[in-house]
Amino acid sequence: MPEGPSILILKEKTQQFKGQKITEASCNNNAIDADLLIGKTIINFKSWGKHFLICFPEFTVRIHMMMFGTYRINEHTTKPPRLHLLFSNDTELNFYACQLQLIEQPLDEIYDWEADIMSDVWNSKKAIKKMLDEPELLACDALMDQQIFSGVGNIIKNEVLFRSRIHPLSLVSAIPNKKLKEMIDEAIKYSYEFFEQRKQGTLSKHWQAYHQKECPRNHVPFIRKDTGRSHRTSFYCEKCQKMYK
DNA sequence: CGTCCTGTTTGAGT
DNA sequence: AACTCAAACAGGAC
């Protein structure tokens with residue numbers, strides 16, 4: 001569930017809770033004092049990449065789904081929710097296996113909205129500047145860097161590098177500017193495709209690289225290798241994805 | 001400061 | 001049906 005587009009879907013689905021007053025709340029770890037939420041009204045939901053933000057007048061609850069996080073709206077699973085919210089109109093919102101954090105500062109102070117790939121204020125020039133500030137940065141690490149491409153995860157990374165024909169181990173500083181712009185444009189474009197395909201339940205049907213056995217362009221077997229700082233798996237074609245170095 | 005390791009513990013795919 | 005793998009990140013050891 002956790003890449004950026006999935007968080008946008010969550011934001012869409014929770015619109016019904018905007019303006020709703022919480023009558024009952026529980027948190028099954030000590031991250032947040034649930035009593036703080038009782039009687040409070042949700043004024044808005046925001047997101048920054050993979051962060052889902054529940055906004056109250058005086059503070060924000062940040063939810064990060066990590067790898068395994070999940071949620072239920074007006075229903076529950078057999079497991080106790082990490083965060084349970086019951087509203088005055090008897091609707092409920094439950095989050096499981098997620099990380100919770102209370103934010104007391106204004107969000108504009110801690111989030112660079114221009115770094116969120118699915119934000120309408122996304123700023124490509126700023127992303128290029130951030131990338132070029134790191135001379136040794138690899139393409140696979142650049143896309144996974146949440147301060148540069150907030151919301152990109154391993155699926156989007158692999159699909160973007162394949163679609164823009166860039167080898168994951170390419171040095172960003174060696175990629176021609178036009179090509180780098182192409183990579184960024186593809187990151188935005190594919191993220192919106194991901195959003196639609198996830199809603200349609202057809203996401204994995206459209207994967208061209210992620211978890212694929214061979215290159216759909218030339219049928220050469222894909223290389224599957226742990227790459228970059230975080231050793232996340234890359235799927236790539238050595239023939240059609242150019243190595244810039 | 002960088003790198004490696006661990007904990008998290010769902011849901012899709014085989 | 002049972003099993004394996006992975007959508008991510010923080011924090012601690014060294």
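Modeller: Let's start with a definition: a nonpolar core is a set of buried Ala, Val, Leu, Ile, Met, Phe, Trp, Tyr and Cys residues joined through side-chain atoms within 4.5 Å. Buried means under 20% relative accessible area, exposed means over 50%, and partly exposed is in between, using a 1.4 Å probe and protein chains only. What you see above is a predicted model, in which local features need pLDDT of at least 70 and side-chain atom pairs count only at pLDDT 80 or more, while totals for chains, interfaces and linings use all residues. Residues are numbered from 1 along each chain as its sequence is written, chains are lettered from A and ligands numbered from 1 in the order in which they are written, and side-chain values use heavy atoms, with hydrogens and water left out.

Biologist: Thanks! Which residues touch the most other members of the largest nonpolar core?

Modeller: In soluble globular proteins, nonpolar side chains tend to be buried together. Here the largest core holds 63 residues, and those touching the most other members are Leu 37, Ile 54, Ile 63, Leu 83, Phe 95, Met 131 and Phe 149. Helix α6 (residues 177-200) gives the most to this core, with 8 residues. At least three core residues come from each of domain 1 (4-110) and domain 2 (113-236). Those domain bounds come from an automatic or database domain assignment. As for names such as α6, helices (H or I, at least four residues) and strands (E, at least two) are DSSP runs, numbered from the N terminus.

Biologist: Leu 83 is also part of a strand. How many residues of β6 are buried?

Modeller: In β6 (residues 83-87), 5 of 5 residues are buried. Both faces are covered, with Leu 83, Leu 85 and Phe 87 on one side and His 84 and Leu 86 on the other.

Biologist: And which strands does β6 pair with?

Modeller: Two strands pair if DSSP finds at least two bridges between them. Strand β1 (residues 22-27) runs antiparallel to β6 and is joined to it by 5 bridges; Ala 25, for example, has Leu 85 as its bridge partner. With β7 (residues 92-96), β6 pairs in the antiparallel sense over 4 bridges, and here Leu 86 is partnered by Glu 92.

Biologist: What joins β6 to β7, and what stands out in the turn?

Modeller: The two strands form a hairpin with 4 residues between them, and Asp 90 in the turn has a positive phi of about 75°. For background, most residues other than glycine have a negative phi. Thr 91 sits in the loop between β6 and β7 and is buried, because its relative accessible area is 14%. The side chain of Thr 91 makes a polar contact of 2.7 Å with that of Asn 89. A polar contact is a pair of N or O atoms within 3.5 Å; within protein, one must be able to donate a hydrogen and the other to accept it, and residues adjacent in sequence count only if both atoms are side-chain atoms.

Biologist: Now the DNA. Which residues are around strand B?

Modeller: A residue is near a molecule or strand if one of its heavy atoms lies within 4 Å of it. For DNA strand B, the residues are Phe 68, Thr 70, Arg 72, Lys 79, Arg 82, Ala 97, Ser 204 and His 231. Of the strand B atoms within 4 Å of the protein, 79% belong to sugar or phosphate and the rest to bases. A polar side-chain atom of Ser 204 lies 3.2 Å from a phosphate oxygen of strand B, and an N or O atom in the side chain of Arg 72 is 3.4 Å from a phosphate oxygen.

Biologist: Where does Ala 97 lie?

Modeller: Ala 97 is in the loop between β7 and β8 (99-103), with a positive phi near 50°. His 231 has a positive phi too, about 55°, and is found in the loop between β9 (223-227) and β10 (232-236). His 231 counts as exposed because its relative accessible area is 55%.

Biologist: And how many residues surround strand C?

Modeller: There are 18, and the closest are Gly 153, Arg 198, Tyr 210, Arg 224 and Arg 232. Of the strand C atoms within 4 Å of the protein, 56% belong to sugar or phosphate and the rest to bases. The side chain of Arg 198 places an N or O atom 2.7 Å from a base nitrogen of strand C, whereas Asn 154 has a polar side-chain atom 2.8 Å from a phosphate oxygen.
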